[in-house]
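Please read this report alongside the sequence and the 3D structure. Both are shown below.

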Amino acid sequence: MTLLLTACGGGAGGEDAAADVDFAAEPTGELRGWGFENTDDVGQARLDHAAGELGDVTIELDQTAFDAQKFTTLAVSGDMPDVVQIDRQFVPTYAAQGLLMPLDACFTAHEVDAAERWYPHVLADVTWEDQVWAVPQFYQPPVILTNARVMEEAGVDAGALDLSDPDAFIAAAEAMTVMDGSSVSRVGFDPQGVSKAAQWMLAFGGGVVDESGAPTLDRPENLEAVEFLQQLYEAQGGFSEVSGVIDSIDIFGDGNGYANDLVGAAVFDQWYLNVLTPYADDVEIGAVPMTTTDGSPFTATGGSAFVIPAGAQNPSAACAWALDLTSGDAWIAAADARAATTEEEEDRNGINTGLFTGSPESDQEIRAEYASAEGYPGFEEAIGVYYDVAAEGASLGASPAGQQIRGELENAMTSALVGERSPEEALAQAQQAAMSAYDQVSEQ
């Protein structure tokens, strides 16, 4: 969905609104929140904790999913909630449109050192023009989840999945692939080449935006990444064949690719470990980090955040509430709740994969006290890899045209991988369209 909103340019509307707020004031009154859909045990524990900290605040939550069109409508009508939970990729776009308050003063008032509380790459997701525009939460680092049975059968070592030797990487994927005539019946390696394209580009030393947020889709390093992915898919029967198999897999149920050996390895965010815990006795998983082309461990950020709209009626309470929800105490309350759920629900097989909060201190405390997969060495390995690589992350980049850039990138990747255009042509066309969108947003 295109997000070209009409508002004060350069974030001025949000800055002006924030300048009038006493973020240090005692939180009182009514607080309206939106975007809290499908609150689970972790979310409810944190909500309960924050409510207890703000005893003089009446909290009303709209527990529906964030919707960009609705956000635009509320901004125009002047009926904005006080705090909204959104994907971090939206933050620079709305900040540039003057629809959000910068939160540096909020942090200062509550003596929160943002650089200390969050990973630097997580904070970079919500930083634009040297100001922080959101309170980040969660961080789902992608790594390579491996299928030990398939690898053993194919004579492949997980160490071959390393970008420092791209030829060996492609050979390993090809060795794990099984063909039934001209059709693929087992995918050797699923790179999620379209949805994870920006991460692959970063791994090759490129990136989709520069420091100012302008698109850089046609960088030479990005072209190298697309050409690698093109070769990787071709070695496994082609993008269309691989995608057909991946799309047919029931990744959330009994038909998942690891229980049924339909995949040798794949890039997955940390949350997928929780999906596989009911199948712990049926899978033989492991994990290795993605790497850069020099072989260094690497991952990329992703997650959500709390923003305070420029039209918020109770921004002081919103600031305190968002910080309480992401405090160390809130995350420990959440970890306690997840531990209880793990113990109560037999289908989890006693596996607690931990929580990935966006805060290095909370992550390490939860890892030490709660994360466990006793009796399942593959899960223990995977949990360790996810935690270890979290510090090696990179931000995908912040841009006021982030959504448009992402859309153009995905279109370009699909076009190149199905063979409609050469990688160079696809990226050049995407860069032109993305730059047009960036210029349009920047001129507002």
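The report goes from the overall form to the sheets and then to the aromatic rings.

This is a predicted model, in which local features need pLDDT of at least 70, side-chain atom pairs count only at pLDDT 80 or more, and totals for chains, interfaces and linings use all residues. Residues are numbered from 1 along each chain as its sequence is written, and side-chain values use heavy atoms, with hydrogens and water left out.

**Overall form**

The protein has 19 helices and 15 strands. These are DSSP runs, numbered from the N terminus: helices are H or I with at least four residues, and strands are E with at least two. The C-alpha trace spans about 65 × 55 × 35 Å along its principal axes. For 444 residues, a compact globule would have a radius of gyration near 22 Å, and the protein agrees with 22 Å. That radius is taken over C-alpha atoms, and the globule rule is 2.2 Å times the number of residues to the power 0.38.

Of the 444 residues, 55% count as buried, where buried means under 20% relative accessible area, exposed over 50%, and partly exposed in between (1.4 Å probe, protein chains only). A contact means heavy atoms within 4.5 Å. Among contacts between residues at least 6 apart in sequence, 79% join residues at least 24 apart.

**Two open sheets**

Strands pair if DSSP finds at least two bridges between them. One open sheet has five strands in the order β8-β9-β10-β7-β11, with mixed pairing. Its edges are β8 (178–180) and β11 (285–288); each has a single partner strand, so one side of each is left without a neighbour in the sheet. The twist averages 30° from one strand to the next.

Within this sheet, β9 (residues 183–190) and β10 (residues 263–268) pair in the parallel sense over three bridges. F189 stands opposite A265 in β10. Helix α17 (residues 377–389) packs on the sheet and touches β7 (143–147), β10 and β11. The direction of α17 makes about 20° with that of β11; axes are lines fitted to C-alpha atoms, for helices over the stretch in contact, and angles run from 0 to 180 degrees between N-to-C directions.

Another open sheet has three strands in the order β12-β13-β15, also with mixed pairing. Here β12 (290–291) and β15 (393–394) stand at the edges with a single partner strand each, so one side of each has no neighbour in the sheet. Two bridges join β12 to β13 (residues 297–300), and these strands run antiparallel. The bridge partner of T291 in β13 is P297.

**Aromatic rings**

The structure holds 29 aromatic pairs. Rings of Phe, Tyr and Trp (its six-membered ring) pair if their centres lie within 6.5 Å; planes under 30 degrees apart count as stacked, over 60 as edge-to-face and the rest as tilted. Two of the pairs are given here.

| Pair | Class | Centre to centre | Angle between planes |
|---|---|---|---|
| F71 and Y94 | tilted | 4.4 Å | 40° |
| F268 and Y272 | stacked | 4.0 Å | 10° |

F71 lies in helix α3 (residues 68–77) and Y94 in helix α4 (residues 91–96), so their pair ties together parts that are 23 residues apart in sequence. F71 is buried, with a relative accessible area of 0%, and Y94 is buried with a value of 0%. W34, F66, F71, F90 and Y94 form one aromatic cluster. Both F268 and Y272 are buried.

The charged end of R46 sits over the ring of W331, 4.0 Å from its centre. Such a placement requires NZ of Lys or CZ of Arg within 6 Å of the ring centre and within 35 degrees of the ring normal.
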